[in-house]
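Please study the sequence and the structure shown below before attempting the exercises. Each task is followed by a solution in steps.

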Amino acid sequence: MSRSLRAAAIAGVSALALGLATLPHSAQAADTTLNLFAADYGTGPADSSQIYWQGIADAFHAANPDITVKVQTVNWNDFDTKIQTMIQNRQFPDITEGDYFANYAQEGLLYKASDVLSDPGNPMPVFKALGSYQGEQYGIPFTTSSRAFFYNKKLFAEAGIADAPKTWDELQADAAKIQAKGHIGYGLPLGPEEAQAEALLWFLGNGGGFQQDGKWVINSPQNVETMEFLTKLVTAGDTEPNPGTKNRAAMLEQFAEGQVGMLNGITTLLPIIKKAGVLQDSDWGTAPITGKAGPLDKTLGVCDFAAAFKGDGTKQAAIKKFLDFTYQDKYQIAFAQEYNLLPGTTSAAKAISVQIPVLAAFVAALPKAVQYPSDPVWAQVKTQIQQIIGTAIGPDPKSVLDTIQETALKGS
Amino acid sequence: MGVLTAEQSVTTRVRRKAWSPAKLAPLLWVGPAMLLIAVVVLWPVVIMIRTAFQHISPDGFILGSAGWKNFVYLWQEPDLPGILIRTVIWVVSIVACTMLISLVLSQLFNQKFPGRRAARWALIAPWAASVMMTSIVFRWALDANNGVINVFLNDIGVLYGYNNNASDWLGRPGSAFTWMIIVAIFVSIPFSTYALLAGLQGIPSDIYEAAKVDGASPWRTYRSITLPLLRPAFIVALLINVMNVFNSFPIIWEMTRGGPGHRTSTTTTFMYQLKQSYIGESAAMSVVNFGMVVIIVLIYLRVTVWGKDEAS
């Protein structure tokens with residue numbers, strides 16, 4: 001009894017002493033903690049984005065000892081669900097990096113880009129509209145990519161095909177030849193991970209899309225025709241089986257292992273190919289996206305954004321400091337190099353085009369890239385496309401596209 | 001608020017009966033438990049039902065009352081009929097298979113044989129392992145490209161080739177659902193077997209001796225002695241299984257995420273998927289699920305009362 005009393009007394013005194021010791025410091029500036037929630041672009045623990053962000057956070061903390069940045073990264077597959085659940089439960093992060101949701105801007109949860117970044121003009125202006133809501137920019141382009149058609153030259157040679165296909169008919173004929181050799185002809189990832197990208201690329205090939213002049217046209221005759229063609233392709237066995245359940249990451253891996261003849265890929269495929277060690281640089285090539293009548297002169301440009309949440313509204317200055325720090329060219333380029341993506345800022349994109357000539361063509365394609373709709377309801381539409389577009393492969397694509405169109409029109 | 005009022009009403013009811021403070025004493029013991037039930041069971045139910053009638057934005061902002069709209073939207077979901085039918089198939093087939101297999105297994109484990117202790121321990125493995133882990137293991141084993149089950153089936157000549165429709169078990173809704181049922185049975189068996197084993201060990205051996213003296217055949221002994229006396233254990237295992245399987249989430253989520261489309265979803269996974277975009281509608285689905293659970297509980301209560309009458 002007396003011993004514990006004494007212990008308590010000692011603890012009390014030392015706490016008092018500690019309090020006295022830290023008093024002058026805490027009176028100067030209260031420590032701020034920023035919670036950063038980011039998507040993980042890595043393929044494993046070795047190249048996890050956690051490492052990239054922790055590096056920035058540590059360097060930032062060294063320069064600004066009164067601000068601590070807590071980093072949390074989560075797999076891309078779970079990012080949307082996780083962030084949505086956090087918002088629904090009012091556990092706002094301070095900064096997110098990954099998908100940007102116009103609806104968060106609509107709800108007034110986000111800081112404007114100009115409030116939290118000293119130079120809001122440097123993040124690529126091409127993607128400004130995509131990160132905006134009612135003319136105000138909230139999403140800050142962080143990393144970008146453009147899509148290209150990848151094909152396995154080795155398998156093409158084995159099947160006796162000379163060049164990359166230009167039209168859908170050629171693509172199907174080539175896929176059939178590769179399939180006959182026991183490989184996957186065309187890799188069609190319509191599973192939940194990123195079905196919206198694959199679907200959009202095919203829609204574009206037939207003059208369709210998700211929106212036309214700001215109106216939703218998901219169930220347009222062109223899109224229905226596109227799904228009918230894909231159904232034909234799948235039924236003939238020219239793709240992997242049941243594309244509605246196959247995710248992009250798995251498809252890219254299989255391409256890298258030399259089992260897939262062609263697919264629509266992104267620059268992130270390059271390190272995967274290297275890691276697998278099956279294909280040499282001369283074994284694969286890229287070409288424009290195949291269209292129904294001929295190759296497309298445009299492609300899909302995807303941009304991931306950083307966004308700053310208001311929370312209780314007390315951390316704006318700290319967020320601004322951190323974002324200014326993060327958006328330095330060296331960190332932008334480091335991210336692009338780590339994951340073979342393109343930078344999100346104009347200055348870093350310029351620099352990387354010089355440093356890595358292979359990427360120059362992809363950077364050049366960005367300005368005329370087609371983008372996802374910038375509409376608050378896109379979040380729901382995207383979720384539904386990811387879940388059910390795969391079922392449009394079948395006897396009745398129209399009804400599936402109708403369901404998605406209804407979701408878009410129903411609003412949030 | 002609701003918690004307080006519930007608590008108060010209980011207090012006043014007790015008070016009305018008699019004014020002696022000593023009569024309140026049991027409340028000291030029962031009170032905390034009742035409070036706990038009110039907070040962690042009843043309160044969420046109230047919130048759930050309230051949410052089902054609210055119009056809520058996808059980001060969790062309440063936009064006003066929705067009336068019955070959430071239920072109407074839910075009823076209009078084109079995939080709902082399939083999901084309901086699938087849920088029934090899911091529960092009935094898994095529970096039926098589990099109980100049948102467990103009856104056999106518990107009988108086996110009740111026999112004396114060398115290595116019985118080790119075998120009993122081994123049976124716990126699927127139970128002890130995380131269901132999520134088991135599901136992921138099965139998902140990879142069934143991979144169309146290089147899953148170990150496909151490699152084996154290719155080796156013994158049942159399947160030919162990879163990345164084709166036949167080897168893509170989780171790509172076809174029918175076969176994916178069947179495989180998930182198999183996994184669910186696999187993880188349900190240990191609990192039921194142990195519950196039945198405990199029941200078997202509770203049957204006095206002199207009854208069996210009496211049956212032997214009377215010259216009853218083994219099958220006759222099983223039907224007339226073992227099964228009736230096993231009924232209490234059997235019913236408990238059965239109903240706990242029904243609840244577990246009905247609420248089962250990780251197996252479906254890890255193996256197919258309910259896909260393609262919603263063609264391998266049950267009401268539980270569908271509820272979760274709705275939540276991403278439509279919180280109110282998801283709550284409506286929860287209410288329907290809750291209603292089904294309540295019905296199962298009522299059946300359970302009726303059956304257990306009936307079981308007691310029979311036994312006495």
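The exercises below concern a predicted model, and they treat the sheet, a helix, a buried residue, the domains and the contact between chains.

**Exercise 1. The order of strands in a sheet**

Task: Determine in which order the strands of the open sheet in chain A are arranged, and which strands lie at its edges.

Solution.

Step 1. The open sheet is formed by 6 strands of chain A, and their order is β2-β1-β3-β13-β6-β14.

Step 2. An edge strand pairs on one side only, and this applies to β2 and β14 (342–343) of chain A.

Step 3. The pairing in this sheet is mixed. In general, strands of a sheet pair through backbone hydrogen bonds, either parallel or antiparallel. The next exercise examines individual pairs.

**Exercise 2. Strand β3 and its partners**

Task: Describe how strand β3 (residues 95–98) of chain A pairs with strand β1 (residues 32–40) of chain A and with strand β13 (residues 301–308) of chain A, and how the residues of β3(A) point.

Solution.

Step 1. Strands β1(A) and β3(A) are parallel and share 3 bridges. Within this pair, A:Glu97 is the bridge partner of A:Ala38.

Step 2. Strands β3(A) and β13(A) run antiparallel and are joined by 4 bridges. Here A:Gly98 is opposite A:Phe305.

Step 3. In a regular strand the side chains alternate between the two faces of the sheet. Accordingly, one may look for two groups of residues in the strand. A:Ile95 and A:Glu97 point one way, A:Thr96 and A:Gly98 point the other way, and all of them are buried.

Step 4. For comparison, consider a pair that includes an edge strand. Strand β6 (residues 140–146) of chain A is joined to β14(A) by 2 bridges, and the two run antiparallel. A:Thr143 has A:Pro343 as its bridge partner in β14(A).

**Exercise 3. The two sides of a helix**

Task: Check the span of helix α2 (residues 49–63) of chain A, and decide which of its residues are buried and which are exposed.

Solution.

Step 1. Helix α2(A) has 15 residues, so at 1.5 Å a residue it should span 21 Å. Its end C-alpha atoms are 21 Å apart, in agreement with that expectation.

Step 2. The buried residues of α2(A) include A:Ser49, A:Tyr52, A:Trp53 and A:Ala57. Because these residues cover an arc of only 130° around the axis, they are on the same side of α2(A).

Step 3. A:Asp58 and A:Ala62 are exposed, on the other side of α2(A).

Step 4. Among the elements that cover the buried residues of α2(A) are β1, β2 (67–75) and α13 (329–339) of chain A.

**Exercise 4. The surroundings of one residue**

Task: Is A:Glu198 buried or exposed, and with which residues is A:Glu198 in contact, leaving aside its neighbours within four places in sequence?

Solution.

Step 1. A:Glu198 is located in helix α8 (residues 195–204) of chain A.

Step 2. A residue counts as buried if 20 or more other C-beta atoms lie within 10 Å of its own. A:Glu198 has 27 other C-beta atoms within 10 Å and is therefore buried.

Step 3. Beyond those sequence neighbours, A:Glu198 is in contact with A:Leu188, A:Pro189, A:Leu190 and A:Asn264.

Step 4. A:Leu300 is 102 residues from A:Glu198 along the chain, and their C-alpha atoms are separated by 9.4 Å.

**Exercise 5. The domains of chain A**

Task: State which domains are assigned to chain A, and characterise the contact between them.

Solution.

Step 1. The domain assignment gives domain 1 (31–145 + 302–368) and domain 2 (148–299 + 377–410) of chain A. Their centres, taken over C-alpha atoms, are separated by 28 Å.

Step 2. The contact takes 13 residues from domain 1 of chain A and 11 residues from domain 2 of chain A.

Step 3. On the domain 1 side of this contact, α4 and α15 (357–365) of chain A each supply at least two residues. The largest share, 3 residues, comes from α15(A).

Step 4. The residues on the domain 1 side divide into 8 nonpolar, 4 polar and 1 charged.

**Exercise 6. The contact between the chains**

Task: How many residues of chain A are in contact with chain B, and which helix of chain A supplies the largest share?

Solution.

Step 1. In chain A, 27 residues are in contact with 25 residues of chain B.

Step 2. On the side of chain A that touches chain B, α3 (76–88), α4 (102–106) and α16 (378–388) of chain A each supply at least two residues. The largest share, 5 residues, comes from α16(A).

Step 3. The residues on this side of chain A divide into 7 nonpolar, 17 polar and 3 charged.

Technical notes: Residues numbered from 1 in each chain as written. Chains lettered and ligands numbered in written order. Predicted model: local features only at pLDDT ≥ 70, side-chain atom pairs only at ≥ 80, totals over all residues. Buried ≥ 20, exposed ≤ 12 C-beta atoms within 10 Å, placed from the backbone. Pairing = 2+ DSSP bridges. Contact = placed C-beta atoms within 7 Å. Nonpolar A, V, L, I, M, F, W, Y, C, P; charged D, E, K, R; others polar. Domains from an automatic or database assignment. Expected span 1.5 Å × (residues − 1). Arc of directions from axis to C-beta.
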